[in-house]
Amino acid sequence: MLRKDFLWGGAVTAHQSEGGYNEGGKVPAVCDLTTTGEFSDFKDGIDTYHRYKEDIALFAEMGFKMYRFSIAWTRIFPQGDESEPNEAGLKFYEDLIDECLKYNIEPLITISHYEVPFHLTQKWNSWTDRRMIDCFLNFCRAIFTRYKGKVKYWLTFNEINILLHFEGKGGKQVAFESLHHQMVASAKAVIAAHEIDENISVGCMIAGYCSYPYTCDPKDVLANYKAFQDKFGYCADTMVRGYYPVYASRLWKQNNVTLNITKDDEEALKAGKADFLAYSYYMSNVVTTHQNEGESLDGAGTSENLKNPYLKASDWGWQIDPLGLRWSLNWFYDRFELPMMIVENGFGAYDKKEADGTVDDQYRIDYLRSHIEAMKDAVDYDGVDLLGYTMWSPIDIVSASTGEYDKRYGFIYVDMDDQGHGDLHRSRKDSFYWYKKVIASN
C-alpha cells in the first residue's frame, strides 16, 4: 500500500508558467531569451505571477498534498552575482508558499530549473566556470534562510543529467565540466541546507527513462546497459553515493574529457549526499548496435532512440510505457535503497474544448492511470519506498520542448493558443475530477 501520508500533487516550472517577466525586479534568464537575444515564448507563461492564488485553490480542490514549483533565480538575484537578494522576489515566493500552506499543501521547490541569469552566461559562460558555485550557494542560502520552517523539501537542479543527452557548443568536455560544477554546487547546497535548518530534506533530480536492447544480441544488451548507465546512472551514482562511480573514468576517456576534481570537490560530494532521489519519467528508449536496424524516433539515425514496436506513442512520438516506470523504480531502489519521488510524469496532447466548456481527455486519464498502477505495483510487490508523485503539469503551461500552448498536459485548461488567442481563463477538464478521486482514495 502507498503510505498514508503519500504526497500526491503536480509540478510546474517558473519560466513556463509565471509570466511577469519584467515585474518585481526580474531580468532575463537564459531560458527567457532566444538565440538572437529576443524574449522567448516563455515570457508571458500563463500569468501565474498574478494568478497563483486562483491556481492553488484549484489544486487544493483536487486535494493536492504537494506542489512542486521552481524559483526563478533572476527574481532573487537579477544579475546572479549580487551580494544581497531582491526583496520583491523573496516576498513573491513567500506569498506563494504561504498560499500553499494555507491549504496544507507541501511546497517542493526546485532551485534551478534550466535557469541561469543571463548576466552570468555573458560573464563566465555559465556553469563552465567554477565561480558559478559560489553564486549558486549565495542564492541557496538566501532562500533556505528566508523560507526556514515553511519549506521542507527541495531539489537542487532539475534533470541535472540532461547535459549528457545533448552535444553542446563546447562538446563533451564543456558538458562534463559544467556538470561537475553543478554536482559540487548541489552537494554544497545540501550541506548549507542542513546547517541552516536540520529539518530540510534536499534531493537530487534526474531525467529518467527506461531503456531496452533492440535484440537479444549480447552486443545490444551490453550497449543498452552502458547507455543507460552513462546517461541515467552517472549523476545519480555521484550525488547519492557521494563519489564518482568506477565507470566514470571509462566515460571520460571515451569522450576525451579531463576534469579538474579538487580535494575540496571530493569532500563536498561526500558530505553533501542527497537526502532523497527524484526523477522524471515519460517514456522508454531502445538501443541497438546493428546498423540500419529499427526505426529512429528522432530522425537522426541514432542507435539509442529507436521506436519500440510493442508500444504506442503520443502525438509527439513519445512512447507510452508504464511498465518502464516500475522497472526504473526498481533499478533505482535496488541500487540505492533511498526514498524516492516521481516528480514529473504526464501526457502532452491536443485537447479540444467543447462549446459547453468541457474537455474530454480520457487519453490522459488512461496514461496516468496505467503509470500510477505501475508505480503502486513497485511499492506493493517490489518494496520500493516512494514518498510522492507530482504529475507534469497539473495546469496547461507553455511546452518546454516545443514552446507551444497547444501541447497540453494539465488537469486544468488554460484559454490560450499558439496564435496568442485567449484570455487565460482556467477551467476543469475531465481528468481534474478523476485525479481528485485518485488522491481521495490514495
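What percentage of the 442 residues of the protein chain count as buried? The answer is 56%, where buried means under 20% relative accessible area, exposed over 50% and partly exposed in between, with a 1.4 Å probe and protein chains only.

This is a predicted model: local features need pLDDT of at least 70, side-chain atom pairs count only at pLDDT 80 or more, and totals for chains, interfaces and linings use all residues. Residues are numbered from 1 along each chain as its sequence is written, and side-chain values use heavy atoms, with hydrogens and water left out.

**View 1. The whole protein chain.** The protein chain has 13 helices and 10 strands. These are DSSP runs numbered from the N terminus: helices are H or I with at least four residues, strands are E with at least two. The C-alpha atoms fill a box of roughly 55 × 55 × 45 Å along the principal axes. The radius of gyration is 21 Å, which agrees with the value near 22 Å for a compact globule of 442 residues. That radius is taken over C-alpha atoms, and the globule rule is 2.2 Å times the number of residues to the power 0.38. Among contacts with a separation of 6 or more, 75% join residues 24 or more positions apart. Contact means heavy atoms within 4.5 Å.

**View 2. Strand E5 and its two partners, E4 and E6.** Strand E5 covers residues 201–213, and 11 of its 13 residues are buried. Strand E4 (residues 153–157) pairs with E5 in the parallel sense over three bridges. Pairing requires at least two DSSP bridges between the strands. Leu155 has Gly203 in E5 as its bridge partner. Strand E6 (residues 276–287) also pairs with E5 in the parallel sense, over 10 bridges. Here Ser211 is matched with Asn285 in E6.

**View 3. Helix H13 and its buried face.** Helix H13 has 12 residues (430–441), and its end C-alpha atoms lie 17 Å apart, which agrees with the 16 Å expected at 1.5 Å a residue. The expected span is 1.5 Å times one less than the number of residues. Its buried residues are Ser431, Phe432, Trp434, Tyr435, Val438 and Ile439. They fall within an arc of 165 degrees seen down the axis, so they line one face of the helix. The arc is that of the directions from the helix axis to the C-beta atoms.

**View 4. Around helix H13.** The buried residues of H13 pack against several elements, including strand E1 (7–11), helix H2 (48–62) and helix H12 (362–380). The face turned away from the buried side carries the exposed residues Lys437, Ala440 and Ser441. Just after H13, Asn442 takes a positive phi of about 55 degrees.
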